[in-house]
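Q: Hey, could you walk me through this protein model? I'm new to reading structures, so plain words please.

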Amino acid sequence: MPPRRQDPARVRAVLDAQLADLGLPPFDGPDHAAGPAVVAAVVSAYGGETAPQREALRAAVRYLLDELVARAPGRTVEVRVPPFAAVQCVEGPRHTRGTPPNVVETDPHTWITLATGREGWPAAVADGRVRASGGRADLSPYLPLVPLV
(Lines give C-alpha, C1' and ligand atoms only; values in the text may rest on other atoms or scores of the structure.)
Protein backbone atom coordinates (compact mmCIF):
# COMPACT_ATOMS: atom_id res chain seq x y z
CA MET A 1 0.00 0.00 0.00
CA PRO A 2 1.63 3.28 -1.07
CA PRO A 3 1.88 6.03 1.54
CA ARG A 4 -0.87 8.59 1.45
CA ARG A 5 0.05 12.12 0.60
CA GLN A 6 -1.62 15.26 1.80
CA ASP A 7 -3.33 17.68 -0.55
CA PRO A 8 -0.58 20.16 -1.56
CA ALA A 9 -3.03 23.09 -1.69
CA ARG A 10 -4.13 22.40 1.88
CA VAL A 11 -0.55 22.07 3.10
CA ARG A 12 0.36 25.37 1.43
CA ALA A 13 -2.65 27.11 3.00
CA VAL A 14 -1.82 25.97 6.55
CA LEU A 15 1.86 26.71 5.95
CA ASP A 16 1.08 30.26 4.83
CA ALA A 17 -1.14 30.77 7.89
CA GLN A 18 1.64 29.53 10.19
CA LEU A 19 4.22 31.71 8.44
CA ALA A 20 1.94 34.74 8.79
CA ASP A 21 1.62 33.95 12.50
CA LEU A 22 5.41 34.01 12.70
CA GLY A 23 5.57 37.33 10.83
CA LEU A 24 7.08 35.74 7.72
CA PRO A 25 6.10 36.03 4.04
CA PRO A 26 4.03 33.33 2.32
CA PHE A 27 5.74 30.21 1.00
CA ASP A 28 6.71 30.55 -2.66
CA GLY A 29 8.47 27.22 -3.23
CA PRO A 30 7.31 24.17 -5.18
CA ASP A 31 4.63 21.82 -3.86
CA HIS A 32 7.12 19.06 -3.01
CA ALA A 33 8.93 21.44 -0.64
CA ALA A 34 5.81 22.47 1.29
CA GLY A 35 6.00 19.45 3.63
CA PRO A 36 9.50 20.20 4.90
CA ALA A 37 8.61 23.91 5.03
CA VAL A 38 5.59 23.30 7.27
CA VAL A 39 7.79 21.19 9.56
CA ALA A 40 10.32 24.04 9.71
CA ALA A 41 7.56 26.57 10.45
CA VAL A 42 6.21 24.44 13.30
CA VAL A 43 9.73 24.02 14.72
CA SER A 44 10.15 27.81 14.51
CA ALA A 45 6.90 28.31 16.39
CA TYR A 46 8.05 25.97 19.15
CA GLY A 47 11.45 27.68 19.19
CA GLY A 48 9.75 31.02 19.71
CA GLU A 49 8.01 29.62 22.78
CA THR A 50 4.61 29.76 21.10
CA ALA A 51 2.31 26.95 20.18
CA PRO A 52 2.08 26.25 16.46
CA GLN A 53 -1.29 26.52 14.77
CA ARG A 54 -3.23 23.26 15.11
CA GLU A 55 -3.61 22.66 11.35
CA ALA A 56 0.07 23.38 10.70
CA LEU A 57 0.98 20.95 13.48
CA ARG A 58 -1.34 18.33 11.95
CA ALA A 59 0.24 18.81 8.50
CA ALA A 60 3.77 18.56 9.93
CA VAL A 61 2.97 15.38 11.90
CA ARG A 62 1.31 13.74 8.90
CA TYR A 63 4.15 14.73 6.59
CA LEU A 64 6.73 13.22 8.94
CA LEU A 65 4.70 10.02 9.40
CA ASP A 66 4.41 9.72 5.61
CA GLU A 67 8.20 10.08 5.38
CA LEU A 68 8.61 7.33 7.99
CA VAL A 69 6.38 4.99 5.95
CA ALA A 70 8.39 5.79 2.81
CA ARG A 71 11.68 5.09 4.60
CA ALA A 72 10.48 2.01 6.51
CA PRO A 73 7.66 0.38 4.52
CA GLY A 74 5.83 -2.50 6.12
CA ARG A 75 3.08 -3.27 8.60
CA THR A 76 4.88 -4.54 11.69
CA VAL A 77 4.94 -1.41 13.87
CA GLU A 78 2.06 0.95 14.47
CA VAL A 79 3.15 4.53 15.16
CA ARG A 80 0.52 6.70 16.83
CA VAL A 81 0.68 10.47 17.20
CA PRO A 82 -2.71 11.36 18.66
CA PRO A 83 -4.87 13.17 17.85
CA PHE A 84 -3.52 13.55 14.32
CA ALA A 85 -2.53 10.23 12.76
CA ALA A 86 -1.36 6.66 13.03
CA VAL A 87 0.56 4.62 10.47
CA GLN A 88 1.95 1.14 10.11
CA CYS A 89 5.55 0.71 9.02
CA VAL A 90 8.70 -1.44 9.27
CA GLU A 91 9.09 -4.73 7.45
CA GLY A 92 8.44 -7.97 9.28
CA PRO A 93 5.49 -10.06 10.36
CA ARG A 94 2.27 -8.36 9.32
CA HIS A 95 -0.28 -7.49 11.97
CA THR A 96 -3.95 -7.77 10.95
CA ARG A 97 -6.31 -7.87 13.96
CA GLY A 98 -6.56 -6.47 17.47
CA THR A 99 -3.87 -4.53 19.26
CA PRO A 100 -0.60 -4.71 17.35
CA PRO A 101 2.35 -6.29 19.19
CA ASN A 102 4.68 -3.41 18.23
CA VAL A 103 3.33 0.04 19.08
CA VAL A 104 4.97 3.44 19.36
CA GLU A 105 2.95 6.33 20.74
CA THR A 106 3.97 9.90 21.44
CA ASP A 107 2.65 13.44 21.42
CA PRO A 108 3.00 15.72 18.36
CA HIS A 109 5.74 17.92 19.82
CA THR A 110 7.92 14.95 20.78
CA TRP A 111 7.35 13.32 17.38
CA ILE A 112 8.53 16.46 15.60
CA THR A 113 11.64 16.78 17.78
CA LEU A 114 12.52 13.13 17.12
CA ALA A 115 11.78 13.22 13.40
CA THR A 116 13.87 16.36 12.89
CA GLY A 117 16.82 15.13 14.93
CA ARG A 118 16.41 17.71 17.66
CA GLU A 119 16.19 14.92 20.21
CA GLY A 120 17.40 11.35 20.39
CA TRP A 121 15.20 8.27 20.64
CA PRO A 122 16.77 6.87 23.86
CA ALA A 123 16.17 10.07 25.85
CA ALA A 124 12.53 10.37 24.76
CA VAL A 125 11.85 6.72 25.63
CA ALA A 126 13.72 6.94 28.94
CA ASP A 127 11.69 9.88 30.22
CA GLY A 128 8.36 8.43 29.07
CA ARG A 129 7.47 10.84 26.28
CA VAL A 130 7.62 7.91 23.85
CA ARG A 131 5.87 4.70 24.77
CA ALA A 132 7.32 1.86 22.72
CA SER A 133 6.28 -1.75 23.15
CA GLY A 134 7.35 -4.80 21.21
CA GLY A 135 10.63 -6.12 19.93
CA ARG A 136 10.52 -4.07 16.70
CA ALA A 137 9.29 -0.78 18.16
CA ASP A 138 12.68 0.97 18.10
CA LEU A 139 12.49 3.66 15.42
CA SER A 140 15.99 5.04 16.00
CA PRO A 141 17.43 3.43 12.81
CA TYR A 142 15.00 5.54 10.74
CA LEU A 143 15.43 8.87 12.55
CA PRO A 144 15.89 11.71 11.83
CA LEU A 145 13.56 11.85 8.86
CA VAL A 146 13.95 15.52 7.95
CA PRO A 147 17.01 17.04 9.59
CA LEU A 148 16.63 20.79 9.86
CA VAL A 149 19.56 23.14 9.81
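What follows is a chat about the core, a helix pair and a few backbone details.

A: Happy to help! One thing to keep in mind is that this is a predicted model.

Q: Okay, let's start inside. How many residues does the largest nonpolar core have?

A: That core has 44 residues. Leu64, Val79, Trp111 and Leu139 are those with the most contacts inside it.

Q: Which elements give two or more residues to this core?

A: On the helix side they are α1 (8-21), α2 (34-47), α3 (54-71), α4 (108-115) and α5 (121-126). The strands β1 (77-81) and β2 (85-89) are on that list too.

Q: And which one gives the most?

A: That's α3, with ten residues.

Q: Is there a general idea behind a core like that?

A: Yes: in soluble globular proteins, nonpolar side chains tend to be buried together.

Q: Back to Leu64. What does Leu64 touch, leaving out residues up to four places away in sequence?

A: Leu64 touches Val39, Trp111, Ile112, Ala115, Leu145 and Val146.

Q: New topic: helices. At what angle do α1 and α3 pack?

A: The angle is about 130°, and their axes are 9 Å apart. α1 and α3 are therefore oblique to each other, since the oblique class takes in angles that are over 115 but not over 145 degrees.

Q: Is the crossing of α1 and α3 left-handed or right-handed?

A: The crossing of these two helices is left-handed.

Q: Which residues meet there?

A: From α1 you have Arg10, Val14 and Gln18, and they meet Glu55, Ala56, Arg58 and Ala59 in α3. Sorted by class, this contact has three nonpolar, one polar and three charged residues.

Q: Cool. Now the backbone: which residues does a cis peptide bond join?

A: One such bond joins Pro82 and Pro83, with omega about 5°. Pro83 lies in the loop between β1 and β2. Another cis peptide bond joins Leu143 and Pro144, where omega is about 0°. Pro144 is found in the segment after β4 (130-133).

Q: Which residue has a positive phi although it is not a glycine?

A: That's Val90, with a phi of about 70°. Val90 belongs to the loop between β2 and β3 (103-106).

Q: Last one: does Val90 count as buried or exposed?

A: Val90 counts as buried, because its relative accessibility is 6% and the cut-off for buried is under 20%.

Key. Residues are numbered from 1 along each chain as its sequence is written. This is a predicted model: local features need pLDDT of at least 70, side-chain atom pairs count only at pLDDT 80 or more; totals for chains, interfaces and linings use all residues. Side-chain values use heavy atoms; hydrogens and water are left out. A nonpolar core is a set of buried Ala, Val, Leu, Ile, Met, Phe, Trp, Tyr and Cys residues joined through side-chain atoms within 4.5 Å. Buried means under 20% relative accessible area, exposed over 50%, partly exposed in between (1.4 Å probe, protein chains only). Helices (H or I, at least four residues) and strands (E, at least two) are DSSP runs, numbered from the N terminus. Contact means heavy atoms within 4.5 Å. Axes are lines fitted to C-alpha atoms, for helices over the stretch in contact, and angles run from 0 to 180 degrees between N-to-C directions. Angles under 35 degrees count as roughly parallel, over 145 as roughly antiparallel, 65 to 115 as roughly perpendicular and the rest as oblique. A crossing is left-handed if the near helix is turned anticlockwise from the far one by less than a right angle, and right-handed if clockwise. Ala, Val, Leu, Ile, Met, Phe, Trp, Tyr, Cys and Pro count as nonpolar, Asp, Glu, Lys and Arg as charged, and the others, Gly among them, as polar.
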